[in-house]
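Reader: I've just opened this one for the first time. Could you walk me through it?

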Amino acid sequence: MFCINRYPMKGGEGMKTLKIKLLVTAILIGLPILLNASNAFAANVMTADVYTFTIVADTTAPSVVANLSISGSTENTVTLAWSATGDDAASGTASSYDIRYSTALITTTNWASAIQAAGEPTPAITGTSQSMTISSLSRETKYYFAIKVSDEVANQSSLSNVVNTTTPDQTAPSAVANLSAASKTHNSVLLSWSAPGDNAVSGTAASYDVRYSTALISLANWDSATQATGEPTPLIAGTTQTLSITGLSSETKYYFAIRATDEASNQAGLSNVINTTTDATPDTTPPYTTGHVPAKDATGITTTSDIIVHVKDDGAGVDSSTIQMIVNGVSVSPLITGTPADYTLTYDPSADFINGQSVFITIRASDLAP
Ligand SMILES: [Ca+2]
Ligand SMILES: [Ca+2]
Ligand SMILES: [Ca+2]
Ligand SMILES: [Ca+2]
């Protein structure tokens with residue numbers, strides 16, 4: 001417990017004498033030697049100086065933010081901007097921000113129930129422009145935003161000005177992938193497809209743009225393709241819709257494509273591009289006769305004359321099985337030669353005609369049109 005080296009033995013002193021000296025010394029020095037061996041000798045102890053002082057209380061809150069504004073937005077984010085206020089009103093540097101948002105107007109009363117943003121920036125010195133982007137918002141939704149500022153004591157400013165914005169729609173309808181030609185005629189094609197949505201494949205788009213061209217349609221030449229008219233109003237995604245394109249030319253190859261647009265003018269990409277060739281113009285004109293020998297209403301014909309007449313059709317052709325020839329009230333069987341476009345009927349009467357006789361001829365025929 002004691003440092004023996006401080007008390008070297010003198011010559012002739014015995015162990016007993018040393019023990020007595022140590023005991024006396026310990027009594028004289030008292031307790032301090034127990035605490036600090038260096039104070040082995042006398043110390044001057046002052047009376048404790050006990051006193052206090054008081055820090056002034058910070059009871060001044062940061063100024064209210066009065067210039068909160070919206071500096072940008074996307075479908076699911078809104079960026080806010082404001083100027084930093086101070087620790088004490090408009091001076092110094094505050095300690096923290098509390099930004100909240102809600103789909104309802106934010107007031108002092110409902111502030112506590114508004115959604116608390118996370119990750120607000122640390123306040124900068126008063127007057128500094130600050131910003132924060134709130135994410136995970138919903139598309140096409142009106143949000144209100146407000147901010148409060150606190151100092152290190154947690155004196156909190158009152159509610160800032162409240163701003164609002166509606167997040168935009170930046171998602172186009174999906175591209176139609178199943179455009180098809182359901183039917184066609186010589187001058188029309190009936191198109192069919194499944195409705196895409198407002199946003200990709202959900203919801204309801206706002207309009208269609210159907211185009212056609214005799215050249216392959218691509219996004220590059222989309223603008224120069226012919227715009228159809230009378231497109232239907234889009235129905236909810238997945239519904240089958242149709243459009244008849246009319247006024248087309250017969251026996252012509254046409255390409256067709258469609259794009260939907262939502263109410264925010266986001267336009268879908270190009271659909272699958274189909275092509276179809278219109279039918280031939282239907283035959284609506286009956287056969288006709290020509291090349292009559294003898295000529296119609298001719299006079300002075302010999303009694304031995306044969307009767308020759310052409311039966312023609314400019315469309316599908318004459319159906320030879322329908323040709324009828326009636327001479328003076330009697331159905332006869334002329335020799336029929338030629339092709340469906342131009343049959344020649346040659347009738348050689350078995351008996352000569354009679355002098356001065358009027359011969360009455362009737363020809364009937366139908367064409368091969370379906
Ligand atoms: Ca303060
Ligand atoms: Ca929309
Ligand atoms: Ca959309
Ligand atoms: Ca015909």
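Here is a short run of questions and answers on the fold, its cores, its sheets and one chosen residue.

Reader: How much of the protein reaches a pLDDT of 70 or more?
Author: Keep in mind that this is a predicted model. The mean pLDDT of the protein is 91. As for residues that reach 70 or more, the share is 89%.

Reader: Which stretch has a pLDDT below 50?
Author: Where pLDDT is low, the predicted coordinates should not be read in detail. The stretch in question has nine contacts in the model beyond near neighbours in sequence. With pLDDT below 50, it covers residues 1-28.

Reader: How many helices and strands does the protein have?
Author: Let's start with contacts between residues at least 6 apart in sequence: 66% of them join residues at least 24 apart. Of the 370 residues, 21% count as buried. The tally of elements is two helices and 21 strands.

Reader: Which strand gives the most to the largest nonpolar core?
Author: That core has 22 residues, and Val189, Leu191, Val210, Tyr212, Ile245, Phe256 and Ile258 touch the most other members. At least two of its residues come from each of β9 (189-194), β10 (207-213) and β13 (253-261). The top contributor, with five residues, is β13.

Reader: How many residues are in the other core, the one that includes Val78?
Author: This other core lies apart from the largest one. Among its members are Val78, Ala84, Tyr101 and Ala114. Its size is 18 residues.

Reader: What is isoleucine 245 in contact with, leaving aside its neighbours within four places in sequence?
Author: Isoleucine 245 is one of the residues that touch the most other members of the largest core. Two of its contacts, Val189 and Leu191, are on that list as well, and so is Tyr212. The full set is Ser188, Val189, Leu191, Tyr212 and Ala228.

Reader: Is aspartate 319 buried, exposed or partly exposed?
Author: Aspartate 319 is found in strand β17, residues 318-327. A residue needs 20 or more C-beta neighbours within 10 Å to be buried, and 12 or fewer to be exposed. Aspartate 319 has 16, so it counts as partly exposed.

Reader: How far is the C-alpha atom of aspartate 319 from that of proline 287?
Author: Beyond its neighbours within four places in sequence, aspartate 319 is in contact with Ser366, Asp367 and Leu368. Proline 287 is 32 residues away along the chain. Between the two C-alpha atoms, the separation is 9.1 Å.

Reader: Which residue is the bridge partner of glutamine 324 in β21?
Author: β17 belongs to an open, antiparallel sheet in the order β18-β17-β21, with β18 (330-332) and β21 (361-367) as the edge strands. Neighbouring strands there are turned by 25° against each other on average, direction ignored. β17 and β21 pair over six bridges. In β21, the partner of glutamine 324 is arginine 364.

Reader: And which residue stands opposite threonine 337 in β20?
Author: This takes us to an open sheet of four strands, in the order β15-β16-β20-β19 with antiparallel pairing. Its edge strands are β15 (288-293) and β19 (335-339), and its neighbouring strands are turned by 20° on average, direction ignored. Five bridges join β19 to β20, residues 342-347. Opposite threonine 337 stands threonine 344.

Technical notes: Residues are numbered from 1 along each chain as its sequence is written. Chains are lettered from A and ligands numbered from 1 in the order in which they are written. This is a predicted model: local features need pLDDT of at least 70, side-chain atom pairs count only at pLDDT 80 or more; totals for chains, interfaces and linings use all residues. Two residues are in contact if their C-beta atoms, placed from the backbone, lie within 7 Å. pLDDT is the predictor's confidence in each residue, from 0 to 100. A nonpolar core is a set of buried Ala, Val, Leu, Ile, Met, Phe, Trp, Tyr and Cys residues joined through C-beta atoms within 7 Å. Two strands pair if DSSP finds at least two bridges between them. Axes are lines fitted to C-alpha atoms, for helices over the stretch in contact, and angles run from 0 to 180 degrees between N-to-C directions.
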